[in-house]
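Thanks for sharing this one. Here are my notes, set out point by point so you can follow along in your viewer.

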Amino acid sequence: METDVEACFDQLPHSLIGEQLRRRIVDKRVLGLVRSFLKAGVMTETGSLQRTMTGTPQGGIASPLLANIALSALDREYLADWEQMSSWDGKRRYLQKHGHPTYRLIRYADDLVLLVKGTEPQARSLLDQLRERVQALGLTLKSEKTAVTHIDDGFVFLGQRIIRRAYGAKPHVYTFVTNEALASIKRKVKALTGRSTTNLALSELIAALNPVLRGWGNYYRHAAAKRTFCYLDYYVWWRVGRWLRKKHPRMTWKQIQRRFLNDDYTYQAGGIVLHQPARTAITRYRYRGARIPNPWTEQPAEPNDPQTQLADREEQPALEHIQQALG
């Protein structure tokens, strides 16, 4: 089941945010500062100040963090359900054998995916439960973006299409780059290599393209995206070539090749080389858990510590949770 929270940033109750903040923060000055931030109001187009009774300021630097903190209450409810279904080895298989569904919630900001191993009626019953739990937080689900889909038909989450396909005797779950995500990066490349940018030097164009290509590739390098990366590499190469023909209309293609291409047929200028998405290494299903470097993991805790085990599960990336829940 895929859905998201309707007008999440606008409708978040301030009481919910304060309640979740007080679970971790006891300094009243910090809590008062956050409360003042939430109730600061919004300046309208007419210059008047409009009060904000709910929600977090759109575009505020702390708004995504506060929204995640508030929605962590929903995470804990479903984490408790998952712990109950996994209280002893083989319990999930036991529940499934006796006709009970097993499920897990995956959330990234206000985008939600509830993975259910069971029948469609059971999934729709759990969708009603999800609605009730979200409404208990003072929020609602967006009906037009709510759908119940079989894993063999696939669903879209975080710009990736997740689908199960047969591979030999055993089916496997794959993640692919969506057509919308590929079209989005192509539009950015096309805008940067249009006729309006021919006043730039090639080194400036490459300096503008490289961060876009590298960031997009780093995000999707955990998907089955090798062919997509090769196609994007080909597309960018020809867009830059056409851009050079527009910039230097009196130069032949051979002259452009001799002047702007390296021995490996890569564009370069001013010591800067055009990033090649096809060379991005694909890393599938990388498990990191609590091994992500941060100041709170410098001292390793005991492996059997329940708090450590809980932190490991909470810090797993969302797409890796999907593999475990569907397995």
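The points below go from the whole chain to the cores and then to two loop residues.

1. A word on the overall picture. Please keep in mind that this is a predicted model. The protein has twelve helices and ten strands, and 38% of its 327 residues are buried. Its accessible surface comes to about 19,900 Å², with carbon and sulfur atoms accounting for 52% of that area.

2. On contact range: take the contacts between residues at least 6 apart in sequence, and 62% of them join residues at least 24 apart.

3. Next, the largest nonpolar core, which has 32 residues. L12, I17, L74, Y78, L105, L114 and L130 are the ones with the most contacts inside this core. Helices and strands both contribute: α2 (14-22), α3 (28-38), α4 (63-85) and α6 (120-136) each supply at least two residues, and so do β4 (102-108) and β5 (111-117). Which element gives the most to this core? That is α4, with nine residues.

4. L114 is a handy residue to click on if you want to look around this core. Leaving aside residues up to four places away in sequence, L114 touches M1, Y78, Y103, R104, L105 and L126. A second core, separate from the one above, has 29 residues; among them are V189, L202, L213 and Y220.

5. Now to T197, found in the loop between α7 (179-192) and α8 (202-220). Is this loop residue buried or exposed? T197 counts as buried because its relative accessible area is 13%, under the 20% cut-off. Its side chain has a polar atom 2.7 Å from the backbone oxygen of L192, and it also makes a polar contact with the side chain of W243 at 3.0 Å. Not counting residues up to four places away in sequence, T197 touches A191, L192 and W243, so both polar partners turn up again among its contacts.

6. Finally, A225 sits in the loop between α8 and α9 (226-247). A225 is buried too, because its relative accessibility is 1%. Which residues does A225 touch, not counting those up to four places away in sequence? They are V177, Y220 and I282; Y220 also belongs to the second core. For a distance to check in your viewer, the C-alpha atoms of A225 and T178 are 10.0 Å apart, while the two residues are separated by 47 residues along the chain.

How values were computed. Residues are numbered from 1 along each chain as its sequence is written. This is a predicted model: local features need pLDDT of at least 70, side-chain atom pairs count only at pLDDT 80 or more; totals for chains, interfaces and linings use all residues. Side-chain values use heavy atoms; hydrogens and water are left out. A nonpolar core is a set of buried Ala, Val, Leu, Ile, Met, Phe, Trp, Tyr and Cys residues joined through side-chain atoms within 4.5 Å. Buried means under 20% relative accessible area, exposed over 50%, partly exposed in between (1.4 Å probe, protein chains only). Helices (H or I, at least four residues) and strands (E, at least two) are DSSP runs, numbered from the N terminus. Contact means heavy atoms within 4.5 Å. A polar contact is a pair of N or O atoms within 3.5 Å; within protein, one must be able to donate a hydrogen and the other to accept it, and residues adjacent in sequence count only if both atoms are side-chain atoms. Accessible areas come from the Shrake-Rupley method with a 1.4 Å probe; for residues, only the protein chains shown count as cover.
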